[in-house]
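Reader: I've just opened this one and I'd like to know how the labels people put on it are justified. Can you walk me through the reasoning?

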Amino acid sequence: GKYGYINKKGEEVVKPKYDGVKDFSEGLALVEMDGKCCYINKKGEEVVKLKYDGASSFSEGWASVRIGHWQTGKYGYINKKGEEVVKPKYGYAGDFSKGLAQVEKDGKWGFINKKEEEVVKPKYGYAGDFSEGLAQVEKDGKWGFINKKGEEVVKLKYDEVEDFSEGMVWVRKGYKCGVINKKGEEVVKVGKYDSVGFFSEGLAEVWKDGKCGFINKKGKEVIKLKYDDANSFSEGIAPVREGDNWYIIDKKGKVIRKI
């Protein structure tokens, strides 16, 4: 019932003594014992002592840590020396990504940098991680996107959004979906499809009236909506289903083989 670490030779470099462990990140691993968290190096040495009630893996040299219960406690940040570079004072603190991290304060979400400056003041009902330079934000039930300056590059007008993938993202108004680019332009008008998948290798699955196919980044249907199910393209091929049978197709829609 205890966890440790082995090397590639199968040697126990950290004996199994922890109640929980995570993967190594930036040379350190988050471990948990008796309800407290700390960090160890690859020699098994505890470089940050067991004192936190919750924590995340290191990202860009900092890790978020929590004092108290996950619902009512406070979050801050430590560096790899275990020094509290941001004292626990937030209701939530996310991982740093390209110099910014999402934080929640008094029920509002924003972003800070490593100088602890509020680059985006906490004013949103929710803020996601930055993906391809933009982050999804919500206010009064409407979603849009901001850049790292806090500018709303896509107005908060959608009922649901996802993270950008290959410069595109699906959005929803009511029960209908569409696709926008990073300028907020509707490449596929909202309402054309019932559902839209993620872009992968330049194509995305789309569904309408129970059938699915694929569109390109211009919104053109390159593979007709005739399948009952489909998954994203990977290495030039994708699985699709017609009735009870699954097939592998290429990007032109040609069937390569039956699965």
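**Cysteines, rings and turns**

Author: Happy to. Let's start with a cysteine: the closest cysteine sulfur to that of C177 belongs to C212, and at 14 Å it is too far away for a bond. Keep in mind that this is a predicted model.

Reader: What makes 14 Å too far for C177 and C212?

Author: A disulfide needs the two sulfur atoms within 2.5 Å. The C177 sulfur has its closest cysteine sulfur, the one in C212, at 14 Å, so there is no bond.

Reader: How do you know that C38 isn't bonded to C37?

Author: By the same kind of check. Their sulfurs are 7.8 Å apart, and C37 holds the closest cysteine sulfur to that of C38, so C38 has no partner within the 2.5 Å cut-off. The count for the whole structure is 0 disulfides.

Reader: Why are C38 and C177 called buried?

Author: Buried means under 20% relative accessible area. C38 has 0%, so it counts as buried. C177 has 5%, so it counts as buried too.

Reader: What is the overall make-up of the protein in helices and strands?

Author: It has 30 strands and 0 helices. The C-alpha trace spans about 60 × 50 × 25 Å along its principal axes. Of the 259 residues, 42% are buried. The accessible surface is about 14000 Å², with 48% of that belonging to carbon and sulfur atoms.

Reader: How many aromatic pairs are there?

Author: There are 12. Take W62 and F96: their ring centres are 5.2 Å apart and their planes sit at 80°.

Reader: Why is the pair of W62 and F96 called edge-to-face?

Author: Two tests are needed. Centres must lie within 6.5 Å to pair, and planes over 60 degrees apart count as edge-to-face. With 5.2 Å and 80°, W62 and F96 pass both, so edge-to-face is the label.

Reader: What makes W62 and F96 a tie between separate parts of the chain?

Author: W62 belongs to strand β8 (residues 62-67), while F96 is in the loop between β11 (92-93) and β12 (101-105); the parts are 34 residues apart in sequence, so the pair ties them together. Both rings belong to buried residues: W62 has a relative accessible area of 12%, and F96 has 3%.

Reader: Then there's Y126 and W143. Why is that pair called tilted?

Author: The centres are 6.0 Å apart and the planes make an angle of 55°. Stacked would need under 30 degrees and edge-to-face over 60, so 55° leaves tilted. This pair also links distant parts of the chain, with Y126 in strand β15 (residues 126-131) and W143 in strand β17 (residues 142-146), 17 residues apart.

Reader: Which of the labels buried and partly exposed goes to Y126, and which to W143?

Author: Y126 has 32% relative accessibility, which is between the 20% and 50% cut-offs, so it is partly exposed. W143 has 17%, under 20%, so it is buried. Both are also members of a cluster that ring pairs build from Y75, Y92, W109, Y126 and W143.

Reader: What makes D106 stand out in its phi value?

Author: Phi of D106 is near 55°, which is positive, and D106 isn't a glycine. Most residues other than glycine have a negative phi. D106 sits in the loop between β12 and β13 (108-112). With 75% relative accessibility against a cut-off of over 50%, D106 is exposed.

Reader: Where does E132 lie, and what is its phi?

Author: E132 is in the loop between β15 and β16 (134-139), and its phi is near 55°, again positive in a residue other than glycine. Its relative accessible area of 37% falls between 20% and 50%, so E132 is partly exposed.

Reader: Which residues does S165 touch, leaving aside its neighbours within four places in sequence?

Author: E132, which we just met, and F199 are in contact with S165. S165 is in the loop between β19 (160-161) and β20 (168-173). At 17% relative accessibility it is under the 20% cut-off, so S165 counts as buried.

Methods:
Residues numbered from 1 in each chain as written. Predicted model: local features only at pLDDT ≥ 70, side-chain atom pairs only at ≥ 80, totals over all residues. Heavy atoms only, no water. Helix = DSSP H or I, 4+ residues; strand = E, 2+ residues; numbered from the N terminus. Buried < 20%, exposed > 50% of the residue type's maximum accessible area, 1.4 Å probe, protein only. Areas by Shrake-Rupley, 256 points an atom, 1.4 Å probe, with all protein chains shown as cover. Contact = heavy atoms within 4.5 Å.
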